[in-house]
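Biologist: I have a chain open on my screen and would like to talk it through. Could you take me around it?

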Amino acid sequence: MRTNISSGYAYEETYGYSRAVRVGDQIFVSGTTARAPHLDGDAYEQAQAALATVADALAQAGASLEHVVRTVVYVRDMADADLVARAHSESFGDVRPASTIVQVSALTPATAKVEIEVTAILSD
């Protein structure tokens with residue numbers, strides 16, 4: 001059975017996507033950026049805000065950050081990698097999912113410095 005999860009972000013309707021999709025014991029959370037007022041912050045604050053949105057989507061799907069097995073992190077500037085890593089480690093330090101960080105030329109919204117997507121699995 002498939003369950004679509006919305007965060008209420010208007011762009012979900014515009015673009016035609018869900019914040020997260022749960023199929024069986026797997027949960028896929030779309031790339032997530034900070035939202036105002038956190039978009040004014042540095043990459044650490046933005047990553048924290050994005051991860052809070054991710055955690056909320058996981059909770060709506062019956063999971064938590066502890067169920068995350070993979071993250072993909074997109075940054076506009078690799079110089080922000082340490083700030084993003086600090087927020088990532090605070091959320092996943094004991095979980096230690098597989099992870100990739102990639103530098104990209106732009107994100108949506110344009111003031112976003114980091115975008116994070118995750119995959120979670122509820123069973124072992």
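Modeller: What follows is a walk through the fold, the core, one helix and one threonine, and the model is a predicted one.

Biologist: How many helices and strands are there in the chain?

Modeller: The chain has three helices and six strands. Along the sequence, they follow the pattern β-α-β-β-α-β-α-β-β.

Biologist: How compact is the chain?

Modeller: Its radius of gyration is 14 Å, close to the 14 Å that the globule rule gives for 124 residues, so the chain is as compact as a globular protein of that length. The C-alpha atoms fill a box of roughly 40 × 35 × 20 Å along the principal axes. Buried residues account for 37% of the 124 residues.

Biologist: Turning to the inside, how many residues are in the largest nonpolar core?

Modeller: That core has 25 residues, and Ile27, Val29 and Leu58 are among those with the most contacts inside it. Two or more residues each come from β3, α2, β4, α3 and β6.

Biologist: Which element gives the most to this core?

Modeller: That is α2, with eight residues. There is also a second, separate core of five residues, which includes Ala34, Ala49, Leu107 and Ala112. In general, nonpolar side chains tend to be buried together in soluble globular proteins.

Biologist: What is valine 84 in contact with, leaving aside its neighbours within four places in sequence?

Modeller: With that exclusion, valine 84 is in contact with Ala43, Ala47, Val73, Val75 and Val114.

Biologist: Which residues of α3 are buried?

Modeller: In α3, the buried residues are Ala81, Val84, Ala87, His88 and Phe92. Seen down the helix axis, the buried residues of α3 fall within an arc of 130 degrees, so they line one face of the helix. The cover over them includes α2, β4, β5 and β6.

Biologist: What about the length of α3: what should its 12 residues span?

Modeller: At 1.5 Å a residue they should span 16 Å, and the end C-alpha atoms of α3 are 15 Å apart, which agrees.

Biologist: A change of topic: is threonine 32 buried or exposed?

Modeller: Threonine 32, in strand β3, has a relative accessible area of 1%; buried means under 20%, so this residue counts as buried.

Biologist: What does the side chain of threonine 32 reach?

Modeller: It reaches the backbone oxygen of serine 30 at 2.7 Å. In addition, a polar contact of 3.0 Å joins the side chains of threonine 32 and arginine 19. Beyond four places in sequence, the contacts of threonine 32 include Ala50, Thr53, Val54 and Ile116.

Conventions. Residues numbered from 1 in each chain as written. Predicted model: local features only at pLDDT ≥ 70, side-chain atom pairs only at ≥ 80, totals over all residues. Heavy atoms only, no water. Core = buried A, V, L, I, M, F, W, Y, C linked by side-chain atoms within 4.5 Å. Buried < 20%, exposed > 50% of the residue type's maximum accessible area, 1.4 Å probe, protein only. Helix = DSSP H or I, 4+ residues; strand = E, 2+ residues; numbered from the N terminus. Contact = heavy atoms within 4.5 Å. Expected span 1.5 Å × (residues − 1). Arc of directions from axis to C-beta. Polar contact = N/O pair within 3.5 Å; in protein donor to acceptor, adjacent residues only side chain to side chain. Rg over C-alpha atoms; globule rule 2.2 N^0.38 Å.
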